[in-house]
Amino acid sequence: MIDREQVLHVARLARLELTDDEIQRMSSELSDVLGHIEKIGELDLDGVAPTTHVVAVTNALRPDVVAPSLARDVALEQAPEVADGGFLVPSPQAG
Amino acid sequence: MSTDLTELTASQAVAAIERGETDATELFEAYRAAAQADELNAYLWVADAAPGEPPPAGAPLAGVPLAVKDLFCTEGVPSQAGSKIIEGYRPPYTATVVAKLAQAGAPLLGKTNQDEFAMGSSNENSAYGPVLNPWDRTRVPGGSSGGSAAAVAAGSAPWALGTDTGGSIRQPAALCGIVGLKPTYGAVSRYGMIAFASSLDQAGPLTRDVADAALLLRHMVGHDARDSTSVGFPGEIATPSAERLDGIRLGVPEELTGEGSGVEAGVMDAFNATLQLAQELGATVESCHLPHAPHALSAYYVLAPAEASSNLARYDGVRYGKRITGGGGLPEMYTRTRSEGFGAEVKRRIMLGTYSLSSGYYDAYYGRAQRVRTKIAEDFHAAFDAFDFVVTPTAPSVAFGLGTKTADPLAMYLNDYCTVPMSLAGIPAISIPNGLSEGLPTAFQLAGPAFSENRILDAASALQTAIGFDGSAGRTR
């Protein structure tokens, strides 16, 4: 049901590179799981509102007060590469 | 005191410290030694010393140490969510619930192993190796809070924090013979929990008994300005005291206990025996219906992976964790980092979630699953008009052998059959040990309306006494 082309398309959207082995396994496993999931297609859900959130909270607001946040050097501490007080990444144009 | 300090429940340890019979530092050291000697792979990190200062005078948890699931951020202490992609990550801040418990006098003992990003029901998806079940080391402890459950069951922690998205506190508690409680969604802050599925994730206690669960939960709940989905808890979590269940109406959903539920015979026998005990304590027991419950797992395996695929987009090798380069530019770096950093189950769920959110499939999967979620919540509302609690076995089987379900994702997902419906409805549920089958723990689950934790704990406490489960066997193996 989920063929190789679809697996590759979804993997590209998710920024994952799969080995041939993984592609094959993913194709059969996702097909199995989606086959099970498709049973919800049998339900009559006309007029049923979707639930995005179970708690009856709308617009959780707080006073807009200035408070200290993480210091820049602390925020950068765990980064693989930093330069000039920012996160350093490979060029988006390269490759 | 000459007795082994680690034999005390957390509540007993608090009382012993308050009476001056036990010293908090000695207690911490006893558990630190036990955690360091752990052979179950339950811990990924153990504190190298007891806290330098004693707990503040009058701190309600008196210095009784706490094991914490790896995915809670703890400042300066590895917080890896069981994943290689953030191996060695030491966050610059601490999760609200961990900070609150430390403030209440429960210092951090260690970080416990878990399925990678909390995705799993057996702890075999940890990048740091599986956790073994203390009742039988050839079997899984359940997941995803498997390290927390195994540590508490084996006695290397007095109590532990876990998180539950579709059963990840209750199911490992069940398989390890301890108590696990998933609170009402929003009762506990999620700030500093490494996210899996944000509309479902909730922190909760794993403990040796119901009183300990109540005590820990009392100091966990509360609104947090840093989590806009937290609502706090109306009133206080009380110490459970009920001995009887007079007038309590228990509903047994046919959809989760009858044919097709997949609950094995030994687990069902133990469940039925406890229904009998409940009646002897004064409860009424009747069957009820949750008509959409058989579809809960399907809805869950659309919604949770969809949220996960979005939440896990942040692991891109830019701000923290692993980065894999090797030629090419930024997009190639993203892809290499993620492809090498994530394990098989995480990739599977990211793929599933990305697929169901992708153009052309959104309405058929994600949109429908959200509507099923509404129906499931309505089913529970209707059930609670006639019943105080809905009760089920927690897990359909006792702990299964390591490696026996890893090849079949769908079979693994069926472990969550009885726990996922409550997660989708956002309601609280507790799992308590319910005797043995084949020499291994089985468990009984009670679920109630939103914010009914006090009534659930009371009923669970009365049942616990009647069941008389002896968990000490788990601590000697």
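How many bridges join strand β7 of chain B to strand β9 of chain B, and in which direction do the two run? Two bridges link β7 (residues 249–253) with β9 (residues 389–393), and these strands of chain B run parallel. Here strands (E, at least two residues) and helices (H or I, at least four residues) are DSSP runs, numbered from the N terminus, and two strands pair if DSSP finds at least two bridges between them. Within this pairing, Leu250(B) stands opposite Phe389(B) of β9(B).

The model is predicted: local features need pLDDT of at least 70, side-chain atom pairs count only at pLDDT 80 or more, and totals for chains, interfaces and linings use all residues. Residues are numbered from 1 along each chain as its sequence is written, while chains are lettered from A and ligands numbered from 1 in the order in which they are written.

The wider setting is an open sheet of eleven strands in chain B, with mixed pairing and the order β1-β3-β2-β4-β6-β5-β10-β11-β9-β7-β8. Its edge strands, each pairing on one side only, are β1 (43–46) and β8 (284–288) of chain B. On average, neighbouring strands of this sheet are turned by 30° against each other, direction ignored; axes are lines fitted to C-alpha atoms, for helices over the stretch in contact, and angles run from 0 to 180 degrees between N-to-C directions.

Helices meet this sheet too. Helix α6 (residues 210–218) of chain B lies across β4, β5, β6 and β10 of chain B, at about 145° to β6(B). Helix α15 (residues 453–467) of chain B packs on the sheet and touches β9, β10 and β11 of chain B, its direction making about 10° with that of β10(B). Contact between two residues requires C-beta atoms, placed from the backbone, within 7 Å.

The largest nonpolar core (buried Ala, Val, Leu, Ile, Met, Phe, Trp, Tyr and Cys residues joined through C-beta atoms within 7 Å) has 171 residues, of which Leu66(B), Ala150(B) and Ala160(B) touch the most other members. Helix α9 (residues 296–311) of chain B gives the most to this core, with ten residues. Beyond four places in sequence, the contacts of Leu66(B) include Leu101(B), Trp159(B) and Ala160(B).

Some backbone details complete the picture. A cis peptide bond, with omega about 10°, joins Gly143(B) and Ser144(B). Ala118(B), in the loop between β3 and α4 of chain B, has a positive phi near 65°. A residue is buried with 20 or more other C-beta atoms, placed from the backbone, within 10 Å of its own, exposed with 12 or fewer, and partly exposed in between. Ala118(B) is buried because it has 30 such atoms within 10 Å.
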